[in-house]
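Here are some notes to keep beside you as you look at this structure for the first time. They go from the whole protein to a few chosen places.

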Amino acid sequence: MDGSRQRRVVVAGAGIPGLSLALALKQAHGPALAVTVCDPGLASGTARHRGRAYAVAAGGRRMFERLGIWDGVSAAAEPIRDMAVSDSRLTDPVRPVFLTFAQDAKAGEPFAHMVEAEPLVAALLAACAAAGVALDPVGITAADPVGETIDLVRTDGTSLSASLLVAADGARSRLREAAGIGWVGWSYPQSGIVATVGHEHPHGGRAYEHFLPSGPFAILPLVDGGALGHRSSIVWTERTADVAALLGGGPDETLAEIERRFGHGLGRLVLEAGPSAHPLAFGLARRFRAERLALLGDAAHVIHPIAGQGLNLGLAGAASLAEAVTDALRLGLDPGAPDVLRAYERDRRFETLAMGAMTDGLNRLFSTDALPVRLARDLGLGLVDRLPGLKRLFIGQASALRGDGPRLLRGQDL
Ligand SMILES: Cc1cc2nc3c(=O)[nH]c(=O)nc-3n(C[C@H](O)[C@H](O)[C@H](O)COP(=O)(O)OP(=O)(O)OC[C@H]3O[C@@H](n4cnc5c(N)ncnc54)[C@H](O)[C@@H]3O)c2cc1C
């Protein structure tokens, strides 16, 4: 292809990783690169993200700062300053705290923020539109690589061609399947119940993770507001078989179940949003690329939310792919060439596998009530709390701050 011709990258999927990648590429290359995001969900605006919030690690926050959207989001982002971990049964009268993280990623920089999804997606969409990303409310149904382009068919019957297709179309990615990329994975017999809870007393920026026999119950601090002045997001893991009974009794019964797990430390509780239940699974694509196609976000990997790292992996993928494509374009090279996609896969594969294995192992270790396992893990948590170096390692990993990580995650320009 003639190097002066405008190239195009199409991102299928307007989730947070897909929009972040599109914005990064368009900001870096301006008119030299056409960037199109296709997603039928764009037709319904941001409403589907209402009531969801994510723990965004320091690396993701630095990337949002670099992309110029953090100022617009920070009013909906609560820093997590401290995390307390306890391991007990539901019936235990007290829950001793075994492990605390009261450390910043770097001096004065919280290791994560709880960010509400709707304002974050709204800020990404506005910045994409302002930068000149085409936002197209249709899906991609077929992709056919032919020479230096990939020909795409949209759900409205129109076609489009690009140098690179990024499949950011979620865990059940049809584009991944159509490209013949295998998937290794399993379902957990658990669901993640998500809700926003209002409470009487301030949380002080502290997150809690109670390891209960059916799975972790996380309380994550949100920006103040709501009926009682203070709010937290909960991610409550339960056996899927028990979810209907736990949530089926109406809001008062649901709140009573939440109170049994939440405890009374933050005073009176009200339900502000939710609950919604999400079946949990682990999955990893056998490859992160095919001819002129790269997988991004949950299309490439799905992990247990025990450590709140699924989206963070997707953001790290967006930063890495943006870098590989940018490095190629700056040299006048083809952004969809095998070398470019290989560099992306090489950068992401090991870290993704390591994080997936860690979250799977943690979930297996903690979602059990067997006494020897409980004793061993409590000893393990106590040890970690006493070893500042090991704790720093956890925090470094949780905040996605790798010394040699993608430039955007380190707060640098692409
Ligand atoms: C209970 C729970 C709690 C979690 N908490 C956290 C947390 O605190 N921190 C964290 O980092 N992660 C967390 N995660 C993980 C996080 O939710 C996901 O990793 C993230 O939302 C994945 O984003 P995505 O854009 O890849 O996929 P999705 O959000 O599934 O988006 C895929 C998009 O693709 C679109 N699409 C589908 N098919 C097509 C097509 N053919 N063409 C075009 N578009 C298409 C869809 O409409 C959709 O908009 C949690 C997950 C769960 C289940």
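1. Helices and strands here are DSSP runs, helices being H or I runs of at least four residues and strands E runs of at least two, numbered from the N terminus. Counted that way, the protein has 11 helices and 20 strands. Please keep in mind that this is a predicted model, in which local features need pLDDT of at least 70 and side-chain atom pairs count only at pLDDT 80 or more, while totals for chains, interfaces and linings use all residues. Residues are numbered from 1 along each chain as its sequence is written, and side-chain values use heavy atoms, with hydrogens and water left out.

2. Next, the protein as a whole. Of its 414 residues, 53% are buried; buried means under 20% relative accessible area, exposed over 50%, and partly exposed in between (1.4 Å probe, protein chains only). The protein exposes about 17,000 Å², and carbon and sulfur atoms supply 56% of that. Areas come from the Shrake-Rupley method with a 1.4 Å probe, and for residues only the protein chains shown count as cover. Among contacts (heavy atoms within 4.5 Å) with a separation of 6 or more, 74% join residues 24 or more positions apart.

3. Now find helix H1, residues 16-29. Its 14 residues should span 20 Å at 1.5 Å a residue, and the end C-alpha atoms are indeed 20 Å apart; the expected span is 1.5 Å times one less than the number of residues. Because 12 of the 14 residues are buried, H1 is largely enclosed by the rest of the structure. Those buried residues include Ile16, Pro17, Leu25, Lys26 and His29. Just after H1, Gly30 takes a positive phi of about 50°.

4. Which residues are closest to the ligand? They are Asp39, Arg48, Asp298, Leu311 and Asn312, out of 28 that surround the ligand, each with a heavy atom within 4 Å of it. The shell divides into 13 nonpolar, 10 polar and 5 charged residues. In this scheme Ala, Val, Leu, Ile, Met, Phe, Trp, Tyr, Cys and Pro are nonpolar, Asp, Glu, Lys and Arg are charged, and the others, Gly among them, are polar.

5. Backbone atoms meet the ligand too. A backbone N or O atom of Leu311 is 2.8 Å from a ligand oxygen, and a polar backbone atom of Ile140 is 3.0 Å from a ligand nitrogen. Alone, the ligand exposes 1,000 Å², of which the protein buries 81%. H1, strand S3 (53-57), strand S17 (269-285) and helix H8 (310-330) each give two or more residues to the shell, and H8 gives the most, with 3.

6. Asp39 deserves a look of its own. This residue sits in the loop between strand S2 (33-38) and S3, and Asp39 is buried, with a relative accessible area of 12%. The Asp39 side chain reaches the backbone nitrogen of Ala14 at 2.7 Å. Leaving aside residues up to four places away in sequence, Asp39 touches residues including Gly15, Arg48, Asp136 and Pro137.

7. Finally, turn to Ile258 in helix H7 (residues 251-262). Is Ile258 buried or exposed? Ile258 is buried, with a relative accessible area of 0%. Not counting residues up to four places away in sequence, Ile258 touches Val197, Phe217, Ile234, Trp236, Leu269 and Leu271.

Key
Polar contact = N/O pair within 3.5 Å; in protein donor to acceptor, adjacent residues only side chain to side chain.
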